[in-house]
Amino acid sequence: MIPITKPFLTEDEVELARQAILSGWVTQGPRVKEFEDKFASFVGAKHACAVSSCTTALHLALLAVGVRPGDIVLTVSHSFIATANSARYCAAEPVFVDVEKDGYNMCPDHLEKILTQECLRDAQGLWYRHVKDLLSEESPLVSMAGDPSRRLGRIAAIIAVHQLGFPCQMERILTLAKRFNIPVIEDAAYGIGSEISVDQGKTFEKIGKPHGDIACFSFHPRKILVTGEGGMLTTNDSAHDSFFRLFRHQGMGVSDLARHQANKVILEEYLVTGFNYRMSDIQASIGLGQLKKLPLLLAKLKEIAAFYADALSKISWLQLPSQAPYAINNWGSFPVRLTPQAPVTQEQCMQRLLDRGIATRPGVMNAHRQKPYRSSIWNLPETEKARDTTILLPAFYQITKEELCSVVQAIAEI
Ligand SMILES: Cc1ncc(COP(=O)(O)O)c(C=O)c1O
């Protein structure tokens, strides 16, 4: 069986995890600090704060930029449901922006339309006018005081998702965000190693530098850099970084590491109602091993993408992914789209490949088609098309040339 992906974990990570275990320090400690420092330096950010997942990173990021109960968060439905859920954790509600035509990321034109045509602006900020249409069963807005038909929702943040490692059109998104004074969080769950230009292609910088206010990464096994579970927040704002550290650790005013290293007794205080969103030193030690391998891994993923692009170019009913002029993709995923001329449906195509021992996945899920977010308000044709016509092909470090050839052969036979 050729899996869709496989983490590139070897004896290197086993040895690093072993050392962490035998050191006796198995929760957040010195290895988490080392992982954070090396991660920050890899992406070029001033600060990196490790947490238990990208989901918890998104929650902290929204709280840090001031998302409060009753607010609106603009994001995409075309993402793992964690992105939308993170708004709900703040008792806020997501409003979904469609993705670009034939693309995987937030469409800046649609974003602009929502900001200019579906909102009101006053001295206090920008207000979404259609709150009454968002009142699905689980929406936190349902239980809030006041007449829902007259309620407005403050636009408190934008979450731009760099889906499947394809960088968003950040230059345009940031220009709009600046115009309306809205903080931007980058969901970079898949973004490690991708690069982005915000000066029309003159210079490129790593995703996570960050280009918005905060970027959030995932280290789940479907991603390129894997620690099992795990996440990271990067920012250049030291106040945000202090906020993350306080809230990930139950609001404790001093870290375990600082207390351990102090030569004076420290009686800790709890300053806010925080969470347990910590990463462990065992996970961080695996992350340190993965960071070392990252250049090797990214180079291999680029080779795989180049191979697929060349070998599949003759299949007329497939639309192949391309790299935007403002982007350098990490190619952690290779999504292909079935055109209307395809001789099979998406499901039939996936089944034919599975019959040949090849695992694939459909396009990225749509949160607005799932029960917690269903509403008649959504009109997201490109989001739905991306889900319904895309197939993700196997792409991972250990895949062999023979396996890649057999994927191409199986598609050619269809
Ligand atoms: C775009 C996106 N955001 C957030 C997440 C959540 O990441 P985690 O599983 O680390 O919480 C995922 C996970 O797949 C994702 O794909």
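Helix axes are lines fitted to C-alpha atoms over the stretch in contact, and the angles between them run from 0 to 180 degrees between N-to-C directions. In this predicted model, the axes of helix α2 (residues 30-43) and helix α9 (residues 281-311) come within 8 Å and cross at roughly 35°. The crossing is left-handed. On the α2 side, the contact is made by Pro 30, Arg 31, Val 32, Glu 34, Phe 35, Lys 38, Phe 39 and Phe 42. Helix α9 contributes Asp 281, Ala 284, Ser 285, Gly 287, Leu 288 and Leu 291. By class, this contact of α2 with α9 holds 8 nonpolar, 2 polar and 4 charged residues.

Helix α3 (residues 54-64) takes part in two further packings, described here in turn. Its axis and that of helix α4 (residues 82-89) come within 9 Å. The two axes cross at roughly 45°. Angles from 35 up to 65 degrees count as oblique, and α3 and α4 are therefore oblique to each other. The crossing is right-handed. Cys 54, Thr 55, Leu 58, His 59 and Leu 62 are the α3 residues in this contact. They meet Ala 82, Thr 83, Asn 85, Ser 86, Ala 87 and Tyr 89 of α4. The contact has 6 nonpolar and 5 polar residues, and no charged ones.

The second partner of α3 is helix α7 (residues 238-248). Here the axes come within 10 Å and cross at roughly 125°. Helices α3 and α7 are therefore oblique to each other as well. Again α3 passes its partner in a right-handed crossing. From α3, Leu 60, Leu 63 and Ala 64 take part. From α7, the residues are His 240, Phe 243, Phe 244, Phe 247 and Arg 248. The classes are 6 nonpolar, 1 polar and 1 charged.

The ligand is surrounded by 15 residues. The closest are Ser 53, Cys 54, Thr 55, Ala 189 and Ser 218. Helices α3 and α4 each supply at least two residues of this shell. Cys 54 and Thr 55 also belong to the contact of α3 with α4. The shell divides into 6 nonpolar, 7 polar and 2 charged residues.

Several strands pair in the antiparallel sense. An open sheet of 4 strands has the order β12-β14-β16-β15, with antiparallel pairing. Strands β12 (318-319) and β15 (361-362) stand at its edges. Each has a single partner strand, so one side of each is left without a neighbour in the sheet. Within the sheet, β14 (residues 334-338) and β16 (residues 390-393) pair over 4 bridges. Arg 337 has Thr 390 in β16 as its bridge partner. Helix α10 (residues 346-355) packs on this sheet and touches β14, β15 and β16. Its direction makes about 20° with that of β16.

Another open sheet has 3 strands, in the order β9-β8-β13. Its pairing is antiparallel. The edge strands are β9 (205-206) and β13 (327-328), each of which pairs on one side only. Strand β8 (residues 195-196) is joined to β13 by 2 bridges. Glu 195 stands opposite Ile 328 of β13.

Strands β4 (residues 119-122) and β5 (residues 125-128) are also antiparallel and pair over 4 bridges. A hairpin of 2 residues joins β4 to β5. The bridge partner of Arg 121 is Leu 126 in β5. Strand β5 also runs antiparallel to β6 (residues 153-161), to which 2 bridges join it. Tyr 128 stands opposite Gly 153 of β6.

Two backbone features lie in loops. Most residues other than glycine have a negative phi, and most peptide bonds are trans. A cis peptide bond joins Lys 209 and Pro 210, with omega about -20°. Pro 210 is found in the loop between β9 and β10 (214-218). Asn 181 has a positive phi, near 60°. Asn 181 is found in the loop between α6 (170-180) and β7 (184-187).

Note on methods:
Residues numbered from 1 in each chain as written. Predicted model: local features only at pLDDT ≥ 70, side-chain atom pairs only at ≥ 80, totals over all residues. Parallel < 35°, antiparallel > 145°, perpendicular 65-115°, else oblique. Left-handed = near helix turned anticlockwise from the far one by under 90°. Contact = placed C-beta atoms within 7 Å. Nonpolar A, V, L, I, M, F, W, Y, C, P; charged D, E, K, R; others polar. Near = placed C-beta within 6 Å. Pairing = 2+ DSSP bridges.
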